[in-house]
Amino acid sequence: MTTTTSAATAASISYSISFPEAQAHYVDVEMKITGLKQNSLELKMPVWTPGSYLVREFAKNIESLNVTADGKTLAATKTRKNIWNLKITGVSSVTVTYRVYAFEISVRTSFIDNKYAFLSSPDIFLYPGNMLNSPATIHIKPYKKWDKVTSSLEKVNGDQFTRYSPNFDILFDSPIEVGNQEVFNFDVDGVAYEVAMTGGGTYDDERIKQDFTKIIREQVAIFGENPNKHYTFIVHNYLKGGGGLEHLSSTVLGASRDAYSTEKITKAF
């Protein structure tokens, strides 16, 4: 008899992310699950964001959910506010397509327009029930002239548009920036750091590298080790704003575009 857990272990999961209507704040998601051997499957949307401790209502932003198998549409029955149930007896693979409306500016929610997309993973990716420990591959198709993807997720074969997560806990703790952000890199004691700046501003790349290096070394001295091989900073520069949310191997920051104009304001950043 095949159990749900053993069936989940053999499954393969991949996502394709695209932005055909970025100007309307939508992302289109296609999830493919192969190697299924169970009679039913739950699709779940998280109700949490790592580092932000409230129950969230992310499922409300999902539109046009559709499931197919072998060219036929499967019924997806919503059993809870964030859970859809599928009957898949005799089905080995399914394709799930849906749209997510993302238009809330913060460090913990996704935001999409025709300039860039910030994907806070828990409000973008449905996951199969009992498969939180499964790996997933994410392929990103940028909108029009967007040419960069920034994330702490590992690249597949060096391709910035294809990322890999060993499990869903890591995926949900790894935000993704897509657009034309300025990216600069530096190393600190053998660890590679990447900084993505979106929205312009009066910042100085070299000053940020120097200041971040001092902060990083002080943090490592406090904790006694740095568990990262690489680390990512995503900075959104607004007319006015601020905030920050730490993740496993990245940080998302909000700042004002002129937050780097004077020594006092730069130190505050």
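The following legends describe close-up views of a predicted model.

**View 1. Strands 17 to 21 form an open sheet of five strands.** The order of the strands is 17-18-19-21-20, and their pairing is mixed. Strand 17 (182-188) and strand 20 (243-246) are the edge strands, each of which pairs on one side only. Direction ignored, neighbouring strands of this sheet are turned by 15 degrees against each other on average. In general, strands of a sheet pair through backbone hydrogen bonds, either parallel or antiparallel.

**View 2. Strand 20 pairs with strand 21.** The pairing between strand 20 and strand 21 (residues 250-256) is antiparallel and extends over four bridges. Within this pairing, Gly244 stands opposite Leu253, a residue of strand 21.

**View 3. Helix 3 lies across three strands of the sheet.** The strands concerned are strand 17, strand 18 (191-198) and strand 19 (230-238). Helix 3 runs at about 40 degrees to strand 17.

**View 4. A salt bridge joins Glu206 and Lys209 within helix 3.** The side chains of Glu206 and Lys209 meet at 3.3 Å, N to O. Because the two residues are three residues apart in helix 3 (residues 205-223), about one helical turn separates them. Glu206 is partly exposed, with a relative accessible area of 45%, whereas Lys209 counts as buried at 19% relative accessibility; the limit for a buried residue is under 20%.

**View 5. A salt bridge joins Arg207 and Glu263.** The distance between the side chains of Arg207 and Glu263 is 3.0 Å, N to O. Arg207 belongs to helix 3 and Glu263 to helix 4 (residues 263-268), so the pair ties together parts that are 56 residues apart in sequence. Arg207 is partly exposed, with a relative accessible area of 24%. Glu263 is also partly exposed, at 43%.

**View 6. Further salt bridges involve Glu30 and Lys32, and a network of three residues.** In general, side chains of opposite charge can pair when their charged atoms come close. The side chains of Glu30 and Lys32 meet at 4.0 Å, N to O. Glu30 is partly exposed, with a relative accessible area of 30%, and Lys32 is likewise partly exposed, at 38% relative accessibility. Glu21, Asp28 and Arg99 are linked in a network of salt bridges. The structure as a whole holds 11 salt bridges.

**View 7. Ser93 is located in strand 8.** Strand 8 comprises residues 93-101. At 26% relative accessibility, Ser93 counts as partly exposed. Residues up to four places away in sequence set aside, Ser93 touches Ile33, Thr34, Leu36, Thr68 and Ala69. Ser93 and Ala11 are 82 residues apart along the chain, and their C-alpha atoms are separated by 8.8 Å.

**View 8. Ser174 is located in the loop between helix 2 and strand 16.** This loop lies between helix 2 (168-171) and strand 16 (176-179). Ser174 is buried, with a relative accessible area of 2%. The side chain of Ser174 reaches the backbone oxygen of Ile170 at 2.6 Å. Apart from neighbours within four places in sequence, Ser174 is in contact with Ser121, Ser151, Ser152 and Leu153.

Conventions:
Residues are numbered from 1 along each chain as its sequence is written. This is a predicted model: local features need pLDDT of at least 70, side-chain atom pairs count only at pLDDT 80 or more; totals for chains, interfaces and linings use all residues. Side-chain values use heavy atoms; hydrogens and water are left out. Buried means under 20% relative accessible area, exposed over 50%, partly exposed in between (1.4 Å probe, protein chains only). Contact means heavy atoms within 4.5 Å. A polar contact is a pair of N or O atoms within 3.5 Å; within protein, one must be able to donate a hydrogen and the other to accept it, and residues adjacent in sequence count only if both atoms are side-chain atoms. Two strands pair if DSSP finds at least two bridges between them. Axes are lines fitted to C-alpha atoms, for helices over the stretch in contact, and angles run from 0 to 180 degrees between N-to-C directions.
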